[in-house]
Amino acid sequence: MPAADFEDSPQVAASVQRWLEHLGAVLFPGIMEDQIEEMMRPVSRDSAWLAHGGSGRRSRFYLVDEPVQVRFDFDGQGVLTSYAVHPRREPWRKAPDGTLLQGGDAPDVPIHFVGKD
């Protein structure tokens, strides 16, 4: 099934909504990368990092359902600043070190800021 078909699926929309509700209930200001990893490792199929230049800021993507992915954004100290949940629009391509080279992008989805929603 093409990614565009996934995006229009009621099942995918329901999965995205369930993830948003769950994360809204369990995330809190100050939560760290390692706590997110501990929470997401058992429920995800894959994960990848994306660095944001030399600032130390980066995002961690988790593929949780086909094709739902969760993105967590961290500041330079590893503190969660925001997250998003959305259908994956294209296959991931990763470097040998696990860095995301392609995929994960979704500039038009809502971003949820931790401690500010």
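**View 1. W49 and F74, two buried aromatic residues of the predicted model.** Both W49 and F74 are buried. A search of the whole structure finds two aromatic pairs, and one of them is formed by W49 and F74, whose rings are tilted, with 6.0 Å from centre to centre and 55 degrees between the planes. Because W49 belongs to strand 1 and F74 to strand 3, this pair ties together parts that lie 25 residues apart in sequence.

**View 2. The rings of Y62 and F72.** The centres of these two rings are 5.8 Å apart and their planes stand at 75 degrees, so the pair is edge-to-face. The pair links distant parts of the chain, with Y62 in strand 2 and F72 in strand 3, 10 residues apart. Y62 is buried, and F72 is buried as well.

**View 3. R58 and its surroundings.** The charged end of R58 sits over the ring of W49, at 3.6 Å from the centre of that ring, while R58 also stands opposite F74 in strand 3. Strand 2 (residues 58-63) and strand 3 (residues 68-74) run antiparallel and are joined by six bridges.

**View 4. The open sheet and the helices packed on it.** Five strands in the order 1-2-3-4-7 make up an open sheet with antiparallel pairing. Strand 1 (46-51) and strand 7 (112-113) stand at the edges with a single partner strand each, so one side of each is left without a neighbour in the sheet. Helix 2 (residues 10-26) packs on the sheet and touches strand 3, strand 4 (80-87) and strand 7, its direction making about 165 degrees with that of strand 4. Helix 3 (residues 33-40) also packs on the sheet, where it touches strand 1, strand 2, strand 3 and strand 4, and its direction makes about 165 degrees with that of strand 3.

Conventions. Residues numbered from 1 in each chain as written. Predicted model: local features only at pLDDT ≥ 70, side-chain atom pairs only at ≥ 80, totals over all residues. Heavy atoms only, no water. Pairing = 2+ DSSP bridges. Helix = DSSP H or I, 4+ residues; strand = E, 2+ residues; numbered from the N terminus. Contact = heavy atoms within 4.5 Å. Axes fitted to C-alpha atoms, helices over the stretch in contact; angles between N-to-C directions. Phe/Tyr/Trp six-rings, centres within 6.5 Å; stacked < 30°, edge-to-face > 60°. Buried < 20%, exposed > 50% of the residue type's maximum accessible area, 1.4 Å probe, protein only. Lys NZ or Arg CZ within 6 Å of the ring centre and 35° of its normal.
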